[in-house]
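Trainee: I am new to this structure and would like a close look at a single part of it. Please take me through the empty space inside.

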Amino acid sequence: MRRVAGRSHGQGKGSDEVCGAGIISLLADQGVSRWLDGAEWQEPNPRRLARLVDDGLITGLALGPEPLTRSLARRAGRPAGPGQSARPVRPVSEAGPAAEALLAAEGRRACDVLLPVHERTGGRDGHVTLEAGPAADTATALRLARAVDRPNALVALPAGPEGLAVAADCLAEGIGVDLGPVLSPAHYGRAAAAWLDGLRRAHRAGRDLSAIRAVVSVPLAPVDAAFDERLRLSPSEAARMMRGEAALASARLVFHRHEQLLAGPDWRELATLGARPHRVRWTDTTDRTPGPPGTRYVDGLVVRGAITTLGPATLEAVAERGNPRGDAVTGRGRAAARVLDSLEILGAPYAPTTRELAARAARARAARWNALLMAVSGAPSY
């Protein structure tokens with residue numbers, strides 16, 4: 001990312017003009033944490049992460065298998081991805097432990113970079129979320145967390161029924177989690193129920209609830225893509241005008257459900273025991289519309305307490321031309337519900353579309369891990 005602080009960007013902003021890293025500071029001032037989407041890294045890069053953290057641009061990291069896969073493929077001189085043709089050095093079925101070890105090692109390095117942020121914010125921020133394998137059973141999740149062994153590590157788990165059960169087990173053991181993708185208010189409710197269950201079990205086990213952190217991850221670009229696929233089947237002008245509206249509306253409704261939970265008795269009971277609220281994390285914020293990277297998913301979901309996850313290109317776009325002008329979520333629940341009602345009428349029903357999104361996410365997770373296992377199996381050393 002270019003150093004953009006101090007540069008002038010945009011026109012017509014008058015005395016309110018902000019530029020470069022100052023725009024990122026606006027997000028911070030409005031209570032929004034900025035995490036880097038490590039999946040878009042070409043390779044793991046703790047030095048670059050340290051620069052972004054030192055500059056105040058980034059306060060967390062989401063790390064999955066993709067940059068590890070690309071790094072191994074580059075070193076072996078072959079393409080990255082499921083279609084690799086190199087002959088494996090060992091069977092893919094035996095590559096799991098080595099893949100976990102690689103992820104844990106990168107996780108430790110990243111956690112150490114972000115530990116000062118974690119300490120400065122009293123454990124509220126400065127986390128590294130690490131994607132557990134596609135099976136995501138309790139033993140795998142706990143093994144990854146213990147291999148990393150850092151207070152600011154979170155284990156990323158799928159938000160399906162099995163993943164939520166694993167999340168409750170991890171929380172009961174004092175392990176922080178990242179649940180996602182969460183695709184609707186009802187889906188959020190199920191994730192929140194698992195979180196509450198895990199915290200109650202942790203309390204019964206005598207654990208310090210204030211040390212157990214969690215986030216719920218809500219994707220954006222894939223939601224618009226899925227709904228727009230259905231809208232394109234309609235020739236009506238109304239359907240065309242509704243393209244690109246689903247993600248922000250759905251995310252705002254999820255956050256409204258989040259606020260309701262934190263105002264309710266279930267949470268208040270745990271808060272009196274020292275628990276800390278989980279946070280909502282916006283993911284997949286890269287705008288896929290044609291042209292330069294946009295910032296509408298960032299600007300349109302500014303709300304105190306949330307986390308926005310930025311790939312390198314989106315981070316630069318926000319720093320150059322973002323427009324985070326205050327809370328864009330609170331009080332917009334009714335308008336968001338009307339958007340989803342309109343989508344239903346126009347042939348893009350909410351429940352079936354989000355179910356298909358969940359299935360796609362599960363397939364994508366399995367493909368990511370299969371690619372890493374293939375890369376590890378063909379690597380000459382670990």
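Trainee: How do the residues of the lining of the second largest cavity divide into nonpolar, polar and charged, and how many are there of each?

Mentor: This is a predicted model, in which local features need pLDDT of at least 70, side-chain atom pairs count only at pLDDT 80 or more, and totals for chains, interfaces and linings use all residues. Residues are numbered from 1 along each chain as its sequence is written, and side-chain values use heavy atoms, with hydrogens and water left out.

The lining of the second largest cavity divides into seven nonpolar residues, one polar and one charged, where Ala, Val, Leu, Ile, Met, Phe, Trp, Tyr, Cys and Pro count as nonpolar, Asp, Glu, Lys and Arg as charged, and the others, Gly among them, as polar. A cavity here is a set of points, on a 1 Å grid over the protein atoms alone, where a 1.4 Å probe fits but cannot get out, and lining residues have an atom within 4 Å of a point. The second largest cavity has a volume of about 40 Å³, a volume being the space filled by probe spheres set on the points, which are joined across faces, edges and corners.

Its lining residues are Trp41, Pro44, Asn45, Pro46, Leu49, Leu61, Leu63, Glu106 and Ala110. At least two residues of this lining come from each of helix H2 (46-54), strand E2 (60-63) and helix H4 (96-120), helices (H or I, at least four residues) and strands (E, at least two) being DSSP runs numbered from the N terminus.

For context, there are three cavities of 30 Å³ or more, and the largest cavity has a volume of about 50 Å³.

How values were computed: 1 Å grid on protein atoms, 1.4 Å probe; cavity = no way out; pocket = protein on both sides within 12 Å on 5 of 7 lines; lining within 4 Å.
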